[in-house]
Amino acid sequence: MKVRTRFAPSPTGYLHIGGARTALFSWLYARKHGGDFVLRVEDTDLARSNADSVNAILEGMSWLGLEYDEGPFYQTQRFDRYKEVIARLLDEGKAYHCYCTREELDAMRAEQMANKEKPRYDGRCRHRTEPREGVEPVVRFRNPDDGVTVVEDMVRGRVVFQNSELDDLIIARSDGSPTYNLTVVVDDWDMEITHVIRGDDHLNNTPRQINILKSLGVEPPRYAHLPMILGPDGAKLSKRHGAVSVMQYRDEGFLPEALINYLVRLGWSHGDQEVFTLEELIELFDILDVNHSASAINPDKLLWLNQHYIKHSDPDHVARHLSWHIGNHGVDPSLPPPLRDVVVAQCERAKTLAEMAANSVYFYRDFEDYDEKAARKNLGEEAKPVLQALHAALEAVGEWTPEAIHGAVEAVAQRQELKLGKVAQPLRVAVSGGGVSPPIDQTLFLLGRERTLARIKRALAYIEASGDNA
């Protein structure tokens, strides 16, 4: 049997991290077993589904690198198939028309609650043979009256449901449109899904879906229900906990592999190992090893992972992702210096690509103002002769290389009888506008000769103006 998993989001919003983890675990399980990963869009909620949400889901999966083997399939394009199955269930007596009105159902539930009974449909239309004038019926599945339905869950273990506790759920609304529990059953059947990996909020649906599949003579897939993800405070994850959309993490400067690595550790582990390559994840991941307890997000751990990947990934790969962030600052990333070189210079100093981009704009265009504290400390009158000497020395450099630049700066320090830091720091503020940058030879190399000399002149003019205003 070939393993076939699926990710089946509802396009009513963005791809959130809970959904992304579900997609990741399904993808990893399929890849580990040489199977197929299917993408299905469950868009039957016409009032809430929209094209923007579909695009957001597809964009999120593409950014994460979770490529699918089949799909995307859209449920709204399969209504004829659902109606065919509903008609079969009706013909075989495994489903029936229910003519109860909303008012009657509300009264039934109110009476049950008053009697301290579990609110559920009591099956009053199960044996009805005549239509009810003026009422468009729904279709209900005739759930077994007795016995149990057992879910051998790959995460939670054996879960037993009493069939008597499962009422006859609606599988088609009064307008003929199918409901979730019917469409998902037909889709999993037709698409030959062998393993359903999803959030544990679906666990209560599983016995109902198993019973429908069995009534159709279909062997149910294996199920694995993942525990929920909590906020850092242990409460249910919500927008108040910060970025919960996958693309919001992209916007905040996280690399996709950092988020992948982070998500897989929310409920799964392999010893004490924290960092995994994708190849290692495919080899080591097993859904049977997923913890059935809820996991809380840890923003500090994600930042640590992201910084690790920024420092240790191929600079060309990091540069491709940095390009988007640099572009957000109005900088054409195709202009010099090459983004790859910027990544090499800045990778030790940035936890996110957004931070790296913001700290690298001065390589591409002039800054508006100096950092006030850095300028006050390093661009006083005493820096004037140092910067003048540096301008002359750097102007005389032959080939503009980090080694030649370092030699020129060091020579100025020796002639001025100053420690290298006393020379490099005023120079750093002069060319970058602030007190932090990569090593000064790398910084000047990336800036280029003309921009470096122009900024030293600008700093000298700033010192002159400051002296005049003193």
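Here are some short exercises, with worked solutions, on the structure above.

The model is predicted, so local features need pLDDT of at least 70 and side-chain atom pairs count only at pLDDT 80 or more, while totals for chains, interfaces and linings use all residues. Residues are numbered from 1 along each chain as its sequence is written, and side-chain values use heavy atoms, with hydrogens and water left out.

**Exercise 1. Strand S9 and its partner**

Work out which strand pairs with S9, and in which sense.

Solution.
- Start with the names: helices (H or I, at least four residues) and strands (E, at least two) are DSSP runs, numbered from the N terminus.
- S9 covers residues 195–199, and five of its five residues are buried. Buried here means under 20% relative accessible area, exposed means over 50%, and partly exposed is in between (1.4 Å probe, protein chains only).
- Now the partner: S9 pairs with S10 (residues 222–226) in the parallel sense, over five bridges. Two strands count as paired if DSSP finds at least two bridges between them.
- Pick out one bridge: Arg-198 is matched with His-225 in S10.
- Add helix H6 (residues 206–215), and S9, H6 and S10 make up a right-handed β-α-β unit. Right-handed means that, with the strands pointing away from the viewer, the path from the first strand over the helix to the second runs clockwise.

**Exercise 2. A hairpin**

Find how many residues sit between S6 and S7 in their hairpin.

Solution.
- Locate S6 at residues 148–153 and S7 at residues 157–162; they pair in the antiparallel sense over six bridges.
- Check a bridge: Val-151 has Val-159 in S7 as its partner.
- Between the two strands of the hairpin there are three residues.

**Exercise 3. The nonpolar cores**

Say which helix gives the largest share of the largest nonpolar core.

Solution.
- First, the term: a nonpolar core is a set of buried Ala, Val, Leu, Ile, Met, Phe, Trp, Tyr and Cys residues joined through side-chain atoms within 4.5 Å.
- The largest one has 100 residues, and those touching the most other members are Phe-25, Leu-259, Ile-287, Leu-322, Leu-387, Leu-394 and Leu-444.
- Its largest share, nine residues, comes from helix H1 (residues 17–32).
- Apart from this core lies another, of 29 residues, with Ile-86, Ala-95, Ile-212 and Leu-216 among them.
- Zoom in on Ile-287: leaving out residues up to four places away in sequence, Ile-287 touches Phe-25, Tyr-29, Met-154, Val-155, Ile-197, Ala-224 and Leu-226. A contact means heavy atoms within 4.5 Å.

**Exercise 4. The largest pocket**

Decide which element gives the most residues to the lining of the largest pocket.

Solution.
- The pocket's volume is about 1,100 Å³.
- Its lining has 34 residues, and His-16, Gly-18, Gly-19, Asp-201 and His-202 lie nearest its centre.
- Two or more lining residues come from each of strand S1 (4–7), H1, helix H5 (180–190) and S9.
- H1 gives the most, with five residues.
- How is this worked out? On a 1 Å grid over the protein atoms alone, a pocket is an open set of points where a 1.4 Å probe fits, with protein on both sides within 12 Å along at least five of seven lines; lining residues have an atom within 4 Å of a point. Grid points are joined across faces, edges and corners, and the volume is the space filled by probe spheres set on the points.

**Exercise 5. Ile-310: buried or exposed?**

Solution.
- Find Ile-310 in helix H10 (residues 299–312).
- Its relative accessible area is 1%, so Ile-310 is buried.
- Beyond its neighbours within four places in sequence, Ile-310 contacts Leu-255, Val-318, Cys-347, Ala-350, Lys-351, Thr-352, Leu-353 and Met-356.

**Exercise 6. Unusual backbone spots**

Look up where Glu-192 and Glu-417 lie.

Solution.
- Glu-192 is in the loop between H5 and S9. Its phi is near 55°, positive although the residue is not glycine, and Glu-192 is exposed at 55% relative accessible area.
- Glu-417 is in the loop between helix H16 (402–415) and helix H17 (420–432). Its phi is also positive, about 55°, and at 72% relative accessibility Glu-417 is exposed.
- Cis peptide bonds can be found too: one joins Gly-71 and Pro-72, with omega about 5°, and Pro-72 lies in strand S3 (residues 70–74).
- Another runs from Pro-336 to Pro-337, with omega near 5°.
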